[in-house]
Amino acid sequence: MIPRKPSPDTVLNQRLASDPSLSAWVSANAGSGKTTVLTRRVIRLLLAGVDASAILCLTFTKAAAANMQNRIFATLGQWAVEEEGTLVAAIEGITGFKPDAAGLKRARQLFAAAIETPGGLKILTIHAFCERVLHLFPFEANVPAQFSVLDDRAARELLDTARTSLILEANAHPEGGLGRAMARLLEDTGEGAFDGLLAEITFEREALRPFLSEKGAADALDQLRGLLELAEGESVAAIEAEIDEASIPFSEWAAIEAAMREYDSKRILDLADRLGAAIAAAPARRAEAWRAVFLTGTGEARSANAFLVKDFAKDYPAYAEQLLAELERIARLLQRRKAASAYERSEALITVAAALLGRYKAGKVMRAALDFDDLVQRTADLLSRAGAEWVLYKLDRGIDHVLVDEAQDTSPAQWHIIAMLAHEFTSGTGARSERRTIFAVGDEKQSIFSFQGAAPAEFARMRSHFRRKVDEAEERFEAIELKQSFRSTPDILKAVDHVFAAADNRRGLSSDDVATVHETVRALDPGRVEVWPVEKPQAAAEITAWDAPFDETPVTSPVVRLARKIAAEVASLIRNGDPATGAHYDAGDVMVLVRSRNALFEAVIRALKFAGVPVAGADRIVLTDHIAVMDLMALARFVLLPADDLTLATVLKTPLIGLDDEDLIRLAPGRKGTLWAALGEAAREDERFTSAFARLTAWRAEAAGKTPFAFFADILARDGGRRIMLARFGAEAADALDEFLRVAGDYERANTASLQGFLAWLAEAKAEIKRDMDVARGEVRVMTVHGSKGLEARVVILADTCSAPDGRHDPKLFFLQAPGRAAGSEIPVWSPSKASDPAPVAAARDAIRAENEAEHRRLLYVALTRAEDRLVIAGFEGATARRPGNWYDMIADALREAGARVEPDGEGERLVYEPTPRRPVEGRPARDREAAVPVPAWLRQKAAPERFEEVALSPSETEHPEELAGLAGALPTDPRTLRRGALIHALLQYLPDVEAPARRDQALAFLGRAAAQWPEDHQAWAEEALAVLALPDLELLFAPGSRAEVALAGRIIRSGRADYAVSGRIDRLAVGPDAVWIVDFKTNRQPPHGLDKVPPAYLSQLGLYRHLMMRLYPGKDVRVALVWTATAAIMELPAERLEEAVRAVVG
C-alpha cells in the first residue's frame, strides 16, 4: 500500500492550530482536515485541564455539530480503554510530546468528564447558542420567558396570515396610507410580481427593521432624497410636467421638419416623421408625441451620436443645436424621473413593509415565539446595549475558549455576537483569570451561502480584528494555512489549480486574489479528469400517440441524453471498475452534482433507476410531493369521504391495499353506485377484495376516534404500512414517513386535532425534508453543489456546467449606504428592473452582480474539490447558446492549455487530463459497506402485555375541588387572578438570576409586557414576588446552584399491584451538603392559619415529590415547605404528615 502521510509542515501546522495555549485563525483548503483540527483542539483543551463546560464550539449546521461531538466522544472513549503504548503514541501524534503518568491518567478520564458535564459539550449552531442565551436572560433581552422557536413552516404560516390581513385592509381602505402605498407598488409590479416583492420584504426583514418606525422611516427617506439628489417636493408628476414643456417653440417645429426632409437618410427621415406626427397631434397628445422624437421604443433617450446626421448638423447648425439641447434636457429629466420614481416606490415600500412585518411581529408576540432571525438579532442587541456588562460577566464566567467552524459562512450579525463574547478575553477585565483563546477555521474559497447572510470578506476582516485584540493583550495569535489535501489525487488538484490560475476565473475567490495552491498526501495516486462534449438540442420527432403524456420530455432532449449517458457511465464503472488502476467502485462511491433541482436533476435520478443503479433519490424533498405521503393523504381523504370514487381508486392501488389495474377494471365499469359500494359487494365473493374492504372499513372506524398522529402511526406501525411502503418505494421513503408523523404531531400541538384540518394544514405547510446524504448507503447521491458542501466521493460527475449568472435573479430591493449611517442600516430602495435604476441603484445592482459572479466561481471550487479520484465535467445547452463565464468553458479552456488530450466520444470528443501515470494502485478497492444485519424474528412480534398496568398520577391532580373549597381564593376563575398566579410564579423563577438592585425594574418591565391590560396591579404583584425573594430563611433556595421549575418523574412500586407513574414540577429546588429543600409557591389570597388547615391535596402533592427525591438523594434529609406569597409566609411540612398523605393516595 502506498503510504499517505502528511508532510512535516502539515503536521506542524495542525499541531500549532490545535495548541490550546494560543489563539489561531486557520485558512484551510478543501479536504485539508478542518474538522480534524477542530476536534483535536477541543481534545487538547480537555487534556490541558480546561473544564468541558468552558469550551464553546459554534458550527454551521446541526449535522456538523453532531459529527464533531461523535468524533470527540469516539476518540475519548477509545482512550479510556486503550493499551498504554498505543495511547501514548496517539497523544504524541496530536500534541507532539509524550504524556507523563498524570497526563495518561487524565486522558483516560476525559470521556467520563465530558459525559458528566452538565448540559454536555457545548458544540452548537449559532442559533442554538443564541436560544440558550435568551432563555438564560429573558428579562434583559426583552423576550418572553418561555418563548418557543418558530420553524420555517410556522414562520411561513404567520407571514401568510400577515399578508392576507395586509391585503384585506388595503382593499377595505384604498384611500388610507396603506391602500395608497399598495396601489403605488402595484403600478410597477402587477399581482404576480407583488407577491414576489412581499417575499423579498420578508426575506430582508432584519435589514428593514430600522425603518419600520415613523421616525426611522422619515430619517431614511430624507437621506434617500439626498442620495438621489432630489430637491424637497420634487416628484414624478412635477418632472413629467417639466419634460412636457418643450424648449423649442411649437412655431418652429414645422420649419425643422421641412429641413429634415431635404436629406435622403433613413435616420433623419424617421426623425422627420416623428416630428410631423407631433405637429399633427391633438394638443392633448402633443407632449407625448414630442417625447417620441427623442426617445427610443423602450422609453430611453436616444444616443446623441446617433441622433442626427452630419450633413444636417452642418447645414442647419442652429436647428441641430436646439435639437441636441432638447435631447440633453429630456435625458437629464428622465434620470431625475427615475430617481423620483425610486423615491416614491421606496416610500410606499416602507409603508407596506411596516404593515406586513408589524403584523408578523404581533403574531409572534401572541404565540410567545421567536424566529431564527430573532434569535441572532435579539442576542446581538442584548450583548450590545448599555448595561450588558452584567450579562457578559455571567457568560464570561462560563466560557474560556470559543471555536468557530466554517467561519467563512458566518454572517456579520453572528460575528458581532462572537466578538462580544470574546471581548473580555482580551480586555484584561474578564471574570476569569485563566488563559482565554479564540479559534476559527474556514476557507473563503468555499463561502457559498450569501443567501443566508454569509459575507466572505468578514473572514479576513475578523482575522485582523482578533489579531489586533490578542496582540494588544500581549497574548499569542497565529494565522495558519492548511494546504495539503487528504481527499483528492494530485491530478484532481492540479486541474483545480489550472482552472483558477486565470485572473478572471479566480476573481472573488478570496480576499488576497492569489492563485490557488494545493498539495496532497496522495502524491503518487493517479486520478482522472474528463470533460465530455456538451449535449445540444436535436430535431425532435413529433409525438403523435393519442395517449402520450402532455409533459413528456422527448428522448432527443439534451437533458435526457445527458442523463442516460451519466447512468451508462456509472453502471459501467460499477460493473467494470477501472482496468488501468485495478480500482473497483460501487454506487455509494459516486456523486452527481447539479446547480439546482431542475429537469436534469430529475432526469438523472430517473435514468439511474432505469439502469438498475442504486440511487439515494433527491437530497431535498417537498413532503407532500413524495409518493408515500401522497398515498397516506389519499387514504385520509377517503375515510373522510368514501363516496369520492377517484380517491378510493387511488387508495386501492397504493401499497397499503395492493390492488392493480385489472382489479379496478373488474370493479369500476358497470357499477350501479359508488366504487365503495361496489367494493363491498365484490368483497362477498372475492378474497382479494374482502381483505381490502375489511382493512378500509377498520380504518374508517378508527379515523373517527383518533387524532391524526395516532391514526397514521397505527397504520404505519401496527398494520405494517411502513414496512410495505419501504419495500415498494425504497429506503428514501423512510425520511418522508418520519417527517410526516413529526408534522402530524406538530399540528396537534398547535391546533385542534382533526383529520380534515390536518389535511388542509398540511397542503399549505410546504414542509421540506433535507435528507442526510453523508451516509454510506451504497447508493449514488444526486444533489446540488450547495448540498454537497462538506461531502466527498471517489467519483464526482459535475453535470450542469453551462449556465452562468445573467441578472434574471437580481433582487428588486437594494440597500444604499448613506453618509453617517452605520453598517447594517443601509437605506432600502425598490427598483423593479435595470431600466428603472437611478445612478446609485445602478451601482448597487452592478456590485450585487459582481458578487454573484464571484460566488458562482466559489461554487465551482466547491464542486471540483468534492472529488477524490475521478472528476467528470458535463453539460447541456437549451435553445440558446451558453453564456460567457460558464463553468464548462472555464474548465475546458484551462485543461486544454494544461495539455489535456483529446479522445473520441460518440460523435464528439472528450478532453482527458491525467498527468500522473496510470498504474495499478493498492488499497483502493470499493469502499467497504457494513453488511446488512438480519432483522431478528422477535422484532416483528407484538410485545407481551405487562403483568400490571401502570397508573399515571400527576401530583397536581390530587388537588380536588372539594378539598380546596374552604380555602378562600384557591379556585380562581377570573382571568386576572389566574394570570396573577402564573406571573408571580414566573417572577420567582427568573428574578433570582437578576442582580438585586435591578430586580424591581426588571419585574415591572416584564409585567408591562405580560400583563399590559392590568397596569394598576403591576406594583403590587412585583412587591409580592420581591418580598418572597427577601425572606432570609429562603436564601439557600434562591442562591446560585438552586433550580426553578424542575420537572420530576418517577415510579412508585407497589407489590402485587399496578405501579404509580408520577410526574410533576417542583417550583424551587436546592440541594445542600446535608439536605434537599423542596418549596412550592402558593398564591392564594388568604393562606390557611395553621398546618391543620392545609388542604390534604397540597400535602399529597408535596409528599409525592418528597418520596421521589428521597430515592434520588439517599442519605440526605429531604425537607419540604409551602411559601404563601400573599403574606410572604413559610410553612415547613413535617415528614410524618407528608408520609401519611402519600399512603392515603397510593396505599
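This report describes aromatic ring pairs and ring–charge contacts in a predicted model.

Under the ring-pairing rule, with centres within 6.5 Å, the count comes to 28 aromatic pairs. One of them joins F73 and F111, whose ring centres are 6.0 Å apart and whose planes stand at 90°, so the pair is edge-to-face, planes over 60 degrees apart being classed in that way. This pair links distant parts of the chain, since F73 belongs to helix α3 (residues 62-81) and F111 to helix α5 (residues 101-116), with their positions 38 residues apart in the numbering. F73 has a relative accessibility of 19% and therefore counts as buried, the limit being under 20%, whereas F111, with a relative accessible area of 30%, is partly exposed.

W290 and F294 also form an edge-to-face aromatic pair, with 4.9 Å from centre to centre and 65° between the planes. Both residues lie in helix α15 (residues 283-294), and because they are 4 residues apart there, about one helical turn separates them. W290 counts as buried at 1% relative accessibility, and F294 is buried as well, with a relative accessible area of 0%.

Elsewhere, F711, F712, F740, Y747, F758 and W761 come together in one aromatic cluster.

Charged side chains also meet aromatic rings, and the table lists two arginines whose charged ends sit over a ring.

| Charged residue | Ring | Distance from charged end to ring centre |
|---|---|---|
| R225 | Y343 | 4.2 Å |
| R345 | W830 | 5.8 Å |

Key:
Residues numbered from 1 in each chain as written. Predicted model: local features only at pLDDT ≥ 70, side-chain atom pairs only at ≥ 80, totals over all residues. Heavy atoms only, no water. Phe/Tyr/Trp six-rings, centres within 6.5 Å; stacked < 30°, edge-to-face > 60°. Helix = DSSP H or I, 4+ residues; strand = E, 2+ residues; numbered from the N terminus. Buried < 20%, exposed > 50% of the residue type's maximum accessible area, 1.4 Å probe, protein only. Lys NZ or Arg CZ within 6 Å of the ring centre and 35° of its normal.
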